[in-house]
Amino acid sequence: MPVFPVFSPRNQSAPPPPTPPLRPGKDEGDGAVVVERQTQKTEPPRLYQVLLLNDDFTPMEFVVMVLQEFFRHDLDTATQIMLKIHHEGRGVCGVFTKDVAATKVELVLAASRRAGHPLQCIMEAA
């Protein structure tokens, strides 16, 4: 028969209670780093005006069509902008972010060239 050692309080002391393992950042603060969240302020993107320039060759109807098709103006608004371009030499078609404005300029110039008109479209910082 096997012999098991018998625990006796006289000859041995009780084992110490187990200590919980320390978790990083959860100890008494020795070496812990706390980073506070800072609110980030992002600036809105810069805006650009897309302008059509007057010339003596592009028909007024084509300018109105461009304003309706590429800038989504209704007939009355497109006609008012076209007349402003005709009388003042330039008119604002819309205000957009840089990428959108550049795309609109390229689309208008391509449509103008396809139709055989010298209509000029530019963008400037608003």
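In what order do the three strands form the open sheet? I looked this up first and read β2-β1-β3, with antiparallel pairing. I took strands as DSSP runs of E of at least two residues and helices as runs of H or I of at least four, numbered from the N terminus. Two strands count as paired if DSSP finds at least two bridges between them.

**Basis.** I am working with a predicted model, in which local features need pLDDT of at least 70, side-chain atom pairs count only at pLDDT 80 or more, and totals for chains, interfaces and linings use all residues. Residues are numbered from 1 along each chain as its sequence is written, and side-chain values use heavy atoms, with hydrogens and water left out.

**Sheet.** I noted β2 (90–97) and β3 (120–125) at the edges; each has a single partner strand, so one side of each lacks a neighbour in the sheet. I checked the twist: neighbouring strands are turned by 30° against each other on average, direction ignored. For axes I used lines fitted to C-alpha atoms, for helices over the stretch in contact, with angles from 0 to 180 degrees between N-to-C directions.

**Strand pairs.** I found seven bridges between β1 (residues 47–53) and β2, in the antiparallel sense. Leu52 has Gly91 of β2 as its bridge partner, and Leu53 has Arg90 of β2. On the β3 side I found six bridges to β1, again antiparallel. There, Val50 is partnered by Met123 of β3.

**Helices on the sheet.** I then turned to α2 (residues 75–88), which lies across β1 and β2 and runs at about 125° to β2.

**Inside α2.** I counted 14 residues and a reach of 20 Å from first C-alpha to last, close to the 20 Å expected at 1.5 Å a residue; the expected span is 1.5 Å times one less than the number of residues. Which residues of α2 are buried? I listed Ala78, Ile81, Met82 and Ile85. They lie on the same side of α2, because their arc around the axis is only 100°, taken from the directions from the helix axis to the C-beta atoms. These buried residues pack against β1, α1 and β2 (contact means heavy atoms within 4.5 Å). On the other side, I found Asp76, Gln80, His87 and Glu88 exposed. Buried means under 20% relative accessible area, exposed over 50%, partly exposed in between (1.4 Å probe, protein chains only).

**Ends of α2.** At the start, I found a side-chain oxygen of Asp74 within 3.2 Å of the backbone nitrogen of Asp76. Just after α2, I noted a positive phi of about 95° at Gly89.

Conventions
Polar contact = N/O pair within 3.5 Å; in protein donor to acceptor, adjacent residues only side chain to side chain.
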